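Here is a small set of exercises to work through with the model open beside you. Try each task before reading its solution.

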Amino acid sequence: MPTTPRCEHCDEPMPITARRHARFCKPACRAAAHRAARAIPAELTARPRWVRRTARKVPVTVGGDVASSTDPASWSTYRDAAKSTAGAGLGFVLNGDGVVCLDLDHCLDHEGAIAGWARNMLDAVNGSTWVEVSQGGDGLHVWGFGALPHGRRITVGGGSVELYGTGRYIAVTGRTFGGTPQRLGDLQHVIDSVV
Ligand SMILES: [Zn+2]
């Protein structure tokens, strides 16, 4: 069953007047998405490990076939993935090369205020790496480098953090959180403090 097409930027259903394969519901969303694309650090865009993803977070290839986070043949360059209109947005595959993502779920309220447990984690990160707001708008992805052979879910002070380093793809929005820098920093001390 086809799913309702959604705007790649704001995730709202596309207006019925939108042309087929349109990616954004209005010009403001297109402009915001282009700003977001420029915000993704080069450490990610330089790696040919990009997929598309559906609105339900199923990874797909740039051609729209099912992709796998363990099958490099289904990944693409950032350039090709960004140009593709398959699915509803971008994803980056973690393959154990040292790029990791800490997923801080449900830590932002609808005014953008951050929960205490997540604030403590960001204090530990100390502005050293890029942080983006997740697709739902209520979570954060802390991107960086570290050793993380297995995915972990950890409860910290009332919230939960998922730590991923391999065998998994992450939906990338490019919506930079606050004034975090456009580069990936070392997260090993943060990983060691919570694992
Ligand atoms: Zn939109």
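**Exercise 1. Place Tyr169 in the chain, decide whether Tyr169 is buried or exposed, and list the residues in contact with Tyr169.**

Step 1: Tyr169 belongs to strand β9, residues 166-172. Strands (E, at least two residues) and helices (H or I, at least four) are DSSP runs, numbered from the N terminus.

Step 2: The relative accessible area of Tyr169 is 10%, so Tyr169 is buried. The scale calls a residue buried under 20% relative accessible area, exposed over 50%, and partly exposed in between, using a 1.4 Å probe and protein chains only.

Step 3: Setting aside neighbours within four places in sequence, Tyr169 is in contact with Val51, Arg53, Lys57, Val58, Pro59, Ser69, Gly91, Phe92 and Val93. Contact means heavy atoms within 4.5 Å.

Step 4: Cys101 is 68 residues from Tyr169 along the chain, and their C-alpha atoms are separated by 9.7 Å.

A note before you go on: this is a predicted model, in which local features need pLDDT of at least 70 and side-chain atom pairs count only at pLDDT 80 or more, while totals for chains, interfaces and linings use all residues. Residues are numbered from 1 along each chain as its sequence is written, and side-chain values use heavy atoms, with hydrogens and water left out.

**Exercise 2. Find the donors of the zinc ion and name the geometry of the site.**

Step 1: The SG atoms of Cys7, Cys10, Cys25 and Cys29 coordinate the zinc ion at 2.3 Å. Donors are N, O and S atoms within 2.8 Å of the metal (3.2 Å for Na, K and Ca); water is not among the atoms, so sites may look incomplete.

Step 2: The angles among the 4 donor atoms run from 105 to 114 degrees, and the site is tetrahedral. Four donors earn that label if all angles lie between 85 and 135 degrees. For reference, the ideal angle for four tetrahedral donors is 109.5 degrees.

Step 3: Along the chain, the donors follow the spacing C-x2-C-x14-C-x3-C. Cys7 and Cys25, 18 residues apart, both lie in the segment before α1 (27-39).

Step 4: Compare the accessibility of two donors. Cys7 is buried at 1%, whereas Cys25 is partly exposed at 23%.

**Exercise 3. Work out which aromatic residues form one cluster, and how Phe92 pairs with Trp50 and Trp143.**

Step 1: Apply the pairing rule. Rings of Phe, Tyr and Trp (its six-membered ring) pair if their centres lie within 6.5 Å; planes under 30 degrees apart count as stacked, over 60 as edge-to-face and the rest as tilted. The rule gives 3 aromatic pairs.

Step 2: Trp50 and Phe92 are edge-to-face, at 5.2 Å centre to centre with 65 degrees between the planes. Because Trp50 lies in strand β1 (residues 50-53) and Phe92 in strand β3 (residues 89-95), this pair ties together parts that are 42 residues apart in sequence. Trp50 is buried, with a relative accessible area of 0%, and Phe92 is buried with 0% as well.

Step 3: The ring centres of Phe92 and Trp143 are 5.8 Å apart and their planes stand at 80 degrees, so this pair is edge-to-face. It links strand β3 to strand β6 (residues 140-145), across 51 residues. Trp143 is buried, as is Phe92.

Step 4: The one aromatic cluster is formed by Trp50, Tyr78, Phe92 and Trp143.

**Exercise 4. Find the phi values of His106 and Asn126, then place both residues.**

Step 1: Recall that most residues other than glycine have a negative phi.

Step 2: His106 has a positive phi, near 45 degrees. His106 sits in the loop between β4 (99-104) and α4 (116-125) and is exposed, with a relative accessible area of 57%.

Step 3: Asn126 also has a positive phi, of about 60 degrees. Asn126 lies in the loop between α4 and β5 (131-133), and at 63% relative accessibility Asn126 is exposed.

Terms used: Tetrahedral: all angles 85-135°; square planar, octahedral: opposite > 155°, others 65-115°.
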